[in-house]
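Biologist: Hello! Could we go through this model together, starting with the ligand and then turning to the backbone?

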Amino acid sequence: MPLIAIEDVKKRYGDNEVLKGIRLSVEAGEVIAIIGKSGSGKSTLLRCINGLETIDEGSISVAGAYLGQSELELKTLRLKVGMIFQQFNLFPHLSVGRNVMISPMIVKGMPEAEARELAKKNLERVGLGMKFDAFPEQLSGGQQQRVAIARALSMQPQALLCDEITSALDPELVNEVLAVVRSLADDGMTLLMVTHEMRFAREVCDRVVFMHQGKVHEIGPPEELFTNPKTPELQQFIGMTH
Ligand SMILES: Nc1ncnc2c1ncn2[C@@H]1O[C@H](COP(=O)(O)OP(=O)(O)OP(=O)(O)O)[C@@H](O)[C@H]1O
């Protein structure tokens, strides 16, 4: 059974059908890049998987739990799936360590000492063990995004959804964040990434999903999609990104 099963998902905003029947199965440990033009529905798909948006038709399940409409089901789902955004959204008035500790304490009722140990471990995992007591404004954008990754990891998710997590960074800071994502992939984390980093998609991802007008237009291993795109839409998209 796949870790994430997306079946015939449709999503509308008013008359605008943004997702037009998405089917996608993600196995545990898979790393998937989602690419496509602006407006093709990439972010909406991630937000639906995390339960930030409701779906109009179809079903989404994560580790056997279905994304239903009830608050309890939503909460269960959100505990299984972490999400990282383009903006880091750290609490400016809390130390880095507290930023990472706060969700497990509040959402899971984890005792403070345990949350502190977990935060230390996850900050070390993203190379920021020494920044535990620093404040977000004292960090570079790349470091802040790595804190956001540590914060997502502190919820011990079964999958991480990354929505253009390097797009707000200066070019010289992109690689340090991608290196952390690469190490998570090496450790077996299931990752779904909306990304414009085609080289990263090629090197790190097991499969690439090309979305076009609310549908999965092409899907396959990166070497296949990038070297031998089947549709004119993907050929054009690849041409644009080179
Ligand atoms: N909250 C919303 N209300 C109304 N329409 C929305 C909303 N969110 C997204 N849309 C519309 O849904 C479509 C898909 O948007 P989405 O952000 O998923 O695309 P995307 O492929 O992620 O694009 P980008 O690469 O620009 O982020 C767009 O036409 C957008 O205007």
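Modeller: Happy to! Please keep in mind that this is a predicted model.

Biologist: Which element gives the most residues to the shell around the ligand?

Modeller: The residues around the ligand include Tyr13, Asn16, Val18, Lys42, Ser43 and Thr44. Two elements, β2 (16-26) and α1 (42-49), each give two or more residues to that shell. The top contributor, with 3 residues, is α1.

Biologist: Thanks! By class, how many residues of the shell around the ligand are polar?

Modeller: Glycine counts as polar here, and Gly36, Gly39 and Gly41 are among the residues around the ligand. The shell also has 2 nonpolar residues and 1 charged residue. The number of polar residues is 8.

Biologist: Now the backbone. Where is Asp8 placed, and is Asp8 buried, partly exposed or exposed?

Modeller: Phi of Asp8 is positive, near 50 degrees, although Asp8 is not a glycine. Most residues other than glycine have a negative phi. Asp8 sits in strand β1 (residues 4-13). With 13 other C-beta atoms within 10 Å, and exposed meaning 12 or fewer, Asp8 is therefore partly exposed.

Biologist: And Glu164: why is Glu164 classed as partly exposed?

Modeller: Glu164 lies in the loop between β7 (159-163) and α6 (171-186). Phi of Glu164 is also a positive value in a residue other than glycine, near 50 degrees. A buried residue needs 20 or more other C-beta atoms within 10 Å, and an exposed one has 12 or fewer. Glu164 falls in between, so the class follows from its count of other C-beta atoms within 10 Å, which is 18.

Note on methods. Residues numbered from 1 in each chain as written. Predicted model: local features only at pLDDT ≥ 70, side-chain atom pairs only at ≥ 80, totals over all residues. Near = placed C-beta within 6 Å. Helix = DSSP H or I, 4+ residues; strand = E, 2+ residues; numbered from the N terminus.
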